[in-house]
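Reader: I'm a first-year student and I get lost when I look at a whole protein at once. Could you pick one part, look at it closely, and then show me how it ties in with its surroundings?

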Amino acid sequence: MNNVIIAYCGLCCSNCGMYIKEKCKGCHSEKPMNRNCKMKACASEREFLTCADCNDFTDYKECKKLYNPISRFFGFIFKSDRIGNLNKIKEMGLDSFKVYKEKEKKI
């Protein structure tokens, strides 16, 4: 479970090439790659571990910081399902989600 790093937005950092190459330590680190991330700013200001802790929206696609053309483009390019991950985190909890992602890597 300690090997799975989840960003505020639900991205699995530990599956990211930049993280694997040690060019990024993830957004929870002191020196994240994108220091101007609006999702990080919002979540950390509210002391959330992930956007799944937010109850402002019934659907994460309603959040313009999280779901906008740029984030959808990067999601497509990197084949990441941040919205799906956030829904699973909300459903099962962050620790259980990390275990799930760890097992998924071994399949």
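Author: Let's begin with a word we'll need: a helix here is a DSSP run of H or I that is at least four residues long, and helices are numbered from the N terminus. Keep in mind that you're looking at a predicted model. The part I'd pick is α2, which runs over 38-45.

Which residues of α2 are buried? They are Met39, Lys40 and Ala43. These three sit on the same side of α2, because they cover an arc of only 95° around the axis. There's a handy bit of background for this: an α-helix has 3.6 residues a turn, so residues three or four places apart point the same way. Now look at the other side of α2, where Lys38 and Glu45 are exposed.

So what do the buried residues of α2 pack against? Their partner is α4, a helix that covers 82-92. Buried residues turn up there too, namely Arg82, Ile83, Asn85, Leu86 and Ile89. Looking down the axis of α4, you'd find them within an arc of 160°, so they line one face of the helix.

Next, step off the end of α2. Just after this helix comes Glu47, with a positive phi of about 60°. That deserves a second glance, because most residues other than glycine have a negative phi. Glu47 belongs to the loop between α2 and α3. Is Glu47 buried or exposed? With a relative accessible area of 74%, Glu47 is exposed.

The loop on the other flank has something similar. Glu22, in the loop between α1 and α2, isn't a glycine either, yet its phi is positive, near 65°. Glu22 counts as exposed because its relative accessible area of 61% is over the 50% cut-off. And if you check just after α4, you'll meet Gly93, whose phi is positive as well, at about 90°.

Let's go back to the loop between α2 and α3, since Tyr60 is found there too. Tyr60 is buried, with a relative accessible area of 6%. What does Tyr60 touch? Leaving out residues up to four places away in sequence, its contacts include Cys51, Ala52, Cys54, Leu66 and Tyr67. Among the others are Ile83 and Leu86, and you've just seen those two in the list of buried α4 residues. Tyr60 and Asn85 are 25 residues apart in sequence, but their C-alpha atoms are 11 Å apart in space. For another pair, try Ile70 and Ser29: 41 residues apart in sequence and 23 Å apart from C-alpha to C-alpha. Ile70 is in helix α3, and at 57% relative accessibility it counts as exposed.

One of the contacts of Tyr60 was Cys51, so you may wonder about disulfides. How many are there? The count is zero. Take Cys13, which is in no disulfide: the nearest cysteine sulfur belongs to Cys27 and is 5.2 Å away. For Cys51, the closest cysteine sulfur is the one in Cys63, at 6.3 Å, and that's too far for a bond because a disulfide needs two sulfurs within 2.5 Å. Both of these cysteines are tucked away: Cys13 is buried, with a relative accessible area of 7%, and Cys51 is buried as well, at 11%.

Last stop: the largest pocket, with a volume of about 1000 Å³. Its lining is made of 34 residues, and Cys9, Leu11, Phe74, Phe78 and Arg82 lie nearest its centre. You've already come across Arg82, as a buried residue of α4. Our α2 is involved here as well, since α1, α2, α3 and α4 each supply at least two residues of the lining. Which helix gives the most? That would be α3, with four residues. Sorted by class, the lining has 18 nonpolar, 10 polar and six charged residues.

Here's the picture to take away. One side of α2 is buried and packs against α4, Glu47 follows just after α2 with its positive phi, and α2 also helps to line the largest pocket.

How values were computed: Residues numbered from 1 in each chain as written. Predicted model: local features only at pLDDT ≥ 70, side-chain atom pairs only at ≥ 80, totals over all residues. Heavy atoms only, no water. Buried < 20%, exposed > 50% of the residue type's maximum accessible area, 1.4 Å probe, protein only. 1 Å grid on protein atoms, 1.4 Å probe; cavity = no way out; pocket = protein on both sides within 12 Å on 5 of 7 lines; lining within 4 Å. Points joined across faces, edges and corners; volume = space filled by probe spheres on them. Nonpolar A, V, L, I, M, F, W, Y, C, P; charged D, E, K, R; others polar. Arc of directions from axis to C-beta. Contact = heavy atoms within 4.5 Å.
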